[in-house]
Amino acid sequence: MARRRTIEEPPSRLAVWARRVALFSLAATLIAVIIVRSGALEIVPALSTLAGALMLAVVAILLAVGATIVIWFEGVGGAKEAATAFLIGAALIAYPFYLGVKGYRLPAIYDITTDPIDPPRFDAIARLRPRDANPIAYEGLYAAELQHAAYSDIEPDLTDSTPQEAYDAAMKVVIKRKWRIVDARPPQGSAVRPVDARAPPGPTPRDGFIEAIARTPILGFRDDVVVRVRSTSDGTRIDVGAAARDGRPHHGPKTPRVRNLIGDIDDVLALPQKPAPAPAPAKPQPAAKGAPAKR
């Protein structure tokens with residue numbers, strides 16, 4: 001008995017090209033992400049490479065839609081190729097599209113701080129920033145108004161812990177997050193005034209500072225973070241500032257980074273502190289030979 005041979009329709013050339021463009025855009029996007037994260041190119045050429053790869057993903061989606069129309073009306077093959085191209089293209093542009101829509105609603109500021117009046121300043125990181133990076137200085141009242149309107153919950157952290165305890169807690173959080181610490185200066189002195197006015201004044205208190213570099217998960221954009229620990233009469237005040245080094249003003253999870261950092265520091269300070277080990281009891285010294293024993 002002769003077998004019946006099923007003749008399949010040849011795939012649409014438009015569908016084949018749609019899949020080819022989608023696969024090429026996928027490879028180009030992966031290469032562009034590696035270039036951006038590694039810093040092999042300057043930020044502008046690197047982002048241009050990524051933008052070109054994403055544009056190819058859009059072209060693949062348009063070709064897939066066109067191929068679907070041709071397949072529907074002409075009855076040719078290529079449905080799998082068109083579907084593959086559409087899914088790859090949609091997956092590549094979904095996250096950038098989400099960030100673009102989200103960033104459009106955010107205020108156009110590069111940095112966030114818990115103290116707009118006297119923001120913690122970058123010192124060591126300011127000398128490391130390239131010339132084409134975003135401005136590092138806080139933009140003053142204009143940025144403060146935009147920040148307060150969008151993020152009214154960003155406030156300094158006031159705690160009754162000592163400055164050293166607050167500094168140690170901040171260091172634990174920064175180290176746990178695996179941020180690159182550029183500079184760390186522990187606080188010195190205290191803001192508490194002596195009770196006796198005739199007593200000589202103590203050393204001038206010095207704020208504690210931690211400067212670190214955090215990176216975004218996918219593209220590795222750098223956000224510079226500074227933590228200031230300042231002694232007060234009631235305890236300690238912790239201020240945080242975060243500035244996006246690369247990208248447009250809307251770029252970077254600066255606000256969640258500041259908010260989560262303060263929350264994590266509070267969690268560490270809330271943990272019970274381990275008491276200092278009690279000193280071991282002194283062993284009795286043996287009496288010298290020939291000395292009368294004590295009764």
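How much accessible surface does the protein have, and what share of it belongs to carbon and sulfur atoms? The accessible surface comes to about 19,400 Å², and 61% of that belongs to carbon and sulfur atoms. Please keep in mind that this is a predicted model.

I'll begin with the overall layout. The protein has seven helices and six strands. Along the sequence they follow the pattern α-α-α-β-α-α-β-α-β-β-β-β-α. Of the 295 residues, 37% are buried. If you take the contacts with a separation of 6 or more, 71% of them join residues 24 or more positions apart.

Now the cores. The largest nonpolar core has 29 residues, and Val227, Leu261 and Ile265 have the most contacts inside it. The elements that give two or more residues to this core are the helices α5, α6 (163-176) and α7 (254-270), together with the strands β4 (208-215), β5 (222-231) and β6 (236-244). The most comes from α6, with seven residues. A second core, separate from this one, has 19 residues, among them Val33, Ile35, Leu50 and Leu92.

Back to Leu261 for a moment. Not counting residues up to four places away in sequence, Leu261 touches Val173, Arg177, Trp179, Val225, Val227 and Val240.

Next, helix α5, residues 141-150. Which residues of α5 are buried? They are Ala143, Ala144 and Gln147. These three sit on the same side of α5, because they cover an arc of only 100° around the axis. The buried residues of α5 pack against β1, residues 111-113. On the face turned away from the buried side, α5 carries the exposed residues Leu141, Tyr142 and Ala149.

Just ahead of that helix is Gly140, in the loop between α4 (124-128) and α5. Its relative accessibility is 25%, so Gly140 counts as partly exposed. Gly140 and Pro119 are 21 residues apart along the chain, and their C-alpha atoms are separated by 9.2 Å.

A second glycine, Gly241, lies in strand β6. Is Gly241 buried or exposed? Gly241 counts as buried, because its relative accessibility is 5%, and the cut-off for buried is under 20%. Leaving aside neighbours within four places in sequence, Gly241 is in contact with Ile112, Thr113, Pro120, Phe122, Asp224, Val225 and Val226. Ile112 and Thr113 fall within the residue range of β1, 111-113. As for Arg257, it is 16 residues from Gly241 in sequence, and the C-alpha to C-alpha distance is 9.6 Å.

On to backbone geometry. Most residues other than glycine have a negative phi. Lys178 has a positive value, with phi near 60°. Where is Lys178 placed? It is in the loop between α6 and β3 (180-185). Lys178 counts as exposed, because its relative accessibility is 76%.

Last, the rings. A pair of aromatic rings is described by the distance of the centres and the angle of the planes. In this protein the count comes to one aromatic pair. There is also a charge over a ring: Arg20 lies over the face of Trp17, at 4.9 Å from the ring centre.

To recap, there is a nonpolar core of 29 residues to which α6 gives the most, and a separate core of 19 residues. Helix α5 has its buried residues packed against β1, and Lys178 has a positive phi in the loop between α6 and β3. That is the end of my part.

Technical notes. Residues are numbered from 1 along each chain as its sequence is written. This is a predicted model: local features need pLDDT of at least 70, side-chain atom pairs count only at pLDDT 80 or more; totals for chains, interfaces and linings use all residues. Side-chain values use heavy atoms; hydrogens and water are left out. Buried means under 20% relative accessible area, exposed over 50%, partly exposed in between (1.4 Å probe, protein chains only). Helices (H or I, at least four residues) and strands (E, at least two) are DSSP runs, numbered from the N terminus. The arc is that of the directions from the helix axis to the C-beta atoms. Contact means heavy atoms within 4.5 Å. Rings of Phe, Tyr and Trp (its six-membered ring) pair if their centres lie within 6.5 Å; planes under 30 degrees apart count as stacked, over 60 as edge-to-face and the rest as tilted. A charge sits over a ring if NZ of Lys or CZ of Arg is within 6 Å of the ring centre and within 35 degrees of the ring normal. A nonpolar core is a set of buried Ala, Val, Leu, Ile, Met, Phe, Trp, Tyr and Cys residues joined through side-chain atoms within 4.5 Å. Accessible areas come from the Shrake-Rupley method with a 1.4 Å probe; for residues, only the protein chains shown count as cover.
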